[in-house]
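Q: I have a chain open on my screen and would like to talk through how it is put together. Can we begin with the ligand?

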Amino acid sequence: MTAGVDIPTFARTQLSLLAAELEAEIAESSALVSLHSPAALQRAGVALINLTVASQRTGLGGRTVLELAPHPATASSAGPGSSSSSSSAADLPEHGIRVGDIVLVAEQPSSGGVRKKEAKAASSSSSSERSGVKGVVTRVGKGAVGVAVDDGSEDGGGKEDRVDALAAGEKKVWIVKVADDVTFRRMNSTMERLAKMEEREYSAFVRVLFGLSSPSPVPADLTKDEEVGEIEWIDPTLNDSQKDAIRFALASKEIGLIHGPPGTGKTHTLIELILQLLKRNLRILVCGPSNISVDNIVERLAPHKVPMVRLGHPARLLPSVLDHSLDVLTRTSEAGAIVKDVRAEMDAKQASIRKTRNGRERRAIYADLKELRKEYRERERKCVTDLVAGSKVVLATLHGAGGFQLRGEQFDVVIIDEASQALEAQCWVPLLAAKKAICAGDHLQLPPTIKSLNSKSKAATTTSSSSSRKGKGDAGPAAAAAAAAGAEGVIQGPTLETTLFDRLLKLHGPSIKRMLTTQYRMHEKIMRFPSDELYEGKLIAADAVKARLLKDLPYEVQDTDDTREPLIFIDTQGGDFLEKNEDEQDAGGGKKLTKSSLYGDSKSNEMEAALVRQHVRSLVDAGVKPEDIAVVTPYNAQLAILAPLKETFPGIELGSVDGFQGREKEAVIVSLVRSNPDGEVGFLGEKRRLNVAMTRPKRSLTVIGDSETVKKGSKFLKDWMEFLEENADLRYPDLTSLTQEA
Ligand SMILES: Nc1ncnc2c1ncn2[C@@H]1O[C@H](COP(=O)(O)OP(=O)(O)OP(=O)(O)O)[C@@H](O)[C@H]1O
């Protein structure tokens, strides 16, 4: 098909795009930190202030864990009752720090605000710019948080001195969330390796992935193929498209894509594929872009008693998969016992530091500790290498595959789940260890978040530098540019938004993919439009789901106009429900710290919000449980207006479209927000975003929007509006009842 790609050029382009991306990320978080006082940052949920290092110990993986508790000087002024009632340590204030967050622990800046330099340091990667230490939050208690300090192997070292400096003399410290730059470092070193590779080093696999050779042909009818034809299925209930995809994945020699539209059982298929590969005695590395995507697979493999190891920081794994984590296996294995002895000795030494005030003695203890840490690391490394070398299935996040644990390891097959949501450079971290790859994903749903833009797409858009997509944020100019760029919303030319999945499809054409076609989520009527418009009309609703309605839920739900209809369109056309531009300035002229202030301007629509409330109430009155209802909208400002719904109906979920990717609910209400005389639709124009929005529900989809405005946005939007007018239960809002609701 398309001509091959020059690998060094590709890698160098990626390196410059990644550098711009990291810069954008750092600029965003340092702007946040420098604009606001530590107290404001705490209120915004990104920092925790007035702490002190209460103790330190050796945690999982030999990492130093700092226990941070309220600083005594501030704890006593927490208010009446809190200090006098008990002699135990004070409670932490309300805060937004969670287990798994990556944070900087540093001396707290003076109250006036964070100086530029400190802001940069807080958000920067390089150790030379930082005074504190970076780590992962391992525990969040009422009166203390635990932070496991990075082992220092990835930054310049000197970490122990910095920890000791923080712990000395009851300093006032704070923790603040920072950008995860490990991912960038791993992507960079991977791209540097690719750039330096000489042509004779290219494996057949690498050649195919860059189009320097064609993929080995796969026989058309694999059911008759000698090698893969006769498969003993471990799960006999797999549907034909799933079986076909697995046969294809087994038969392909270099690369196979499994295209899984919403609800088609992509993970279900990957589990069977992994089991089949194991039967063939192959060694497999399984990766995904997020910890949760990987844990999901570990959880579903576990009942099959698969011998596997999951790499990754234990604080960031689901508790249910910890037994398979490398850290826990290291402790429980035989070799782990010796490691444990050293650890006990380290803890004893650490405790003794606090008891002595004599400088010389303390220095001697530090020296001993240093030696012990070294020994610990050496022993642990050996233990880890043995464990990994002995594992047939290794699982890690994409960037986790770049850790020391996998250095020099080779795998017969690398499987990447959610490949269409990962940056290509990220995929190459595990791919350099592969002979063959199977990637699963759906390039017709949203690609990964990009904060930077290349110059080409910048020209096509506005000046704001908000992120293109971030679960919690609005989609910004990158997505708008992508939408403007046409064909499936992918920007032409080199951009981080072009995923490996997209690029391979374009390079080798549809013969390298198999699509799963039976979906197990949506009512047939909800599925129709996305299937016809995006999936070549090939989706089939499984019998079990195709006619399910809210009134048939397994608990008592009344049969009403709202519960017997799978598809409802509340059309607000007529110009009475105009959108509002969110103004972030507060009365005093200062900048209000709201989430959306981080992500550029946003839109809201009061009257649409009132319609949402009315519809939710009607569903709940009919008996639908709030936890079975979700409201999704592309705009943060709209989410903010809707937030009180959570108090009225605890359990209901409100989310951005982007943040809801991968999720499903019995009933979903989509508020489109845009209503203006000019037909401006912003990033509603991105059909992958609309696809995500309309494919979340199982039994009921209610769309609320102004068809007149929305129709002008794109052909896809026009087709959708017309489809809804013809096929949905079409309603026009009753203004009188609505004004009461509002
Ligand atoms: N062959 C099958 N027979 C019956 N149910 C199935 C089959 N395959 C998948 N499912 C069901 O479909 C649902 C979605 O499957 P799964 O969780 O594997 O998909 P996913 O990869 O997480 O999501 P998606 O398909 O949306 O990407 C699950 O409830 C699963 O049990």
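A: Yes; note that this is a predicted model. Of the 13 residues around the ligand, G265, K266, T267, H268 and Y520 come nearest.

Q: Which helix gives the most to the shell around the ligand?

A: That is α9, residues 266-279, with three residues in the shell.

Q: And how do the residues of that shell divide into nonpolar, polar and charged?

A: Nine are polar, three are nonpolar and one is charged.

Q: OK, zooming out. What domains is the protein chain divided into?

A: Domain 1 covers 28-72 + 90-183, and domain 2 covers 202-307 + 393-451 + 494-516. Domain 3 is 316-391, and domain 4 is 522-584 + 599-737.

Q: How far apart do the C-alpha centres of domain 2 and domain 3 lie?

A: They lie 35 Å apart. The contact takes eleven residues from domain 2 and ten residues from domain 3.

Q: Which elements give two or more residues to the domain 2 side?

A: Those are α10 (291-301) and β10 (393-397). Helix α10 gives the most to that side, with four residues.

Q: What sort of residues are on the domain 2 side, nonpolar, polar or charged?

A: The side of domain 2 that touches domain 3 has six nonpolar, two polar and three charged residues.

Q: Switching to cores. How many residues has the largest nonpolar core, and which have the most contacts inside it?

A: The largest nonpolar core has 83 residues, and I274 and V414 have the most contacts inside it.

Q: Where does this core lie with respect to the domains?

A: It lies between domain 2 and domain 3, because both give residues to it.

Q: Back to I274. What is it in contact with, leaving aside neighbours within four places in sequence?

A: I274 is in contact with I284, V286, L301, V393 and I415.

Q: And what other core lies apart from the largest one?

A: Another core, of 61 residues, lies apart from it; L534, A541, Y635 and L639 are among its residues.

Q: Last topic, the chain overall. How many helices and strands?

A: The protein chain has 25 helices and 23 strands.

Q: What share of the residues is buried?

A: Buried residues make up 49% of the 742 residues in the protein chain.

Q: And what share of the contacts with a separation of 6 or more comes from residues 24 or more positions apart?

A: Residues 24 or more positions apart account for 73% of those contacts.

Technical notes
Residues are numbered from 1 along each chain as its sequence is written. This is a predicted model: local features need pLDDT of at least 70, side-chain atom pairs count only at pLDDT 80 or more; totals for chains, interfaces and linings use all residues. A nonpolar core is a set of buried Ala, Val, Leu, Ile, Met, Phe, Trp, Tyr and Cys residues joined through C-beta atoms within 7 Å. A residue is buried if 20 or more other C-beta atoms lie within 10 Å of its own, exposed if 12 or fewer, and partly exposed in between; C-beta atoms are placed from the backbone. Domain bounds come from an automatic or database domain assignment. Two residues are in contact if their C-beta atoms, placed from the backbone, lie within 7 Å. A residue is near a molecule or strand if its C-beta atom, placed from the backbone, lies within 6 Å of it. Ala, Val, Leu, Ile, Met, Phe, Trp, Tyr, Cys and Pro count as nonpolar, Asp, Glu, Lys and Arg as charged, and the others, Gly among them, as polar.
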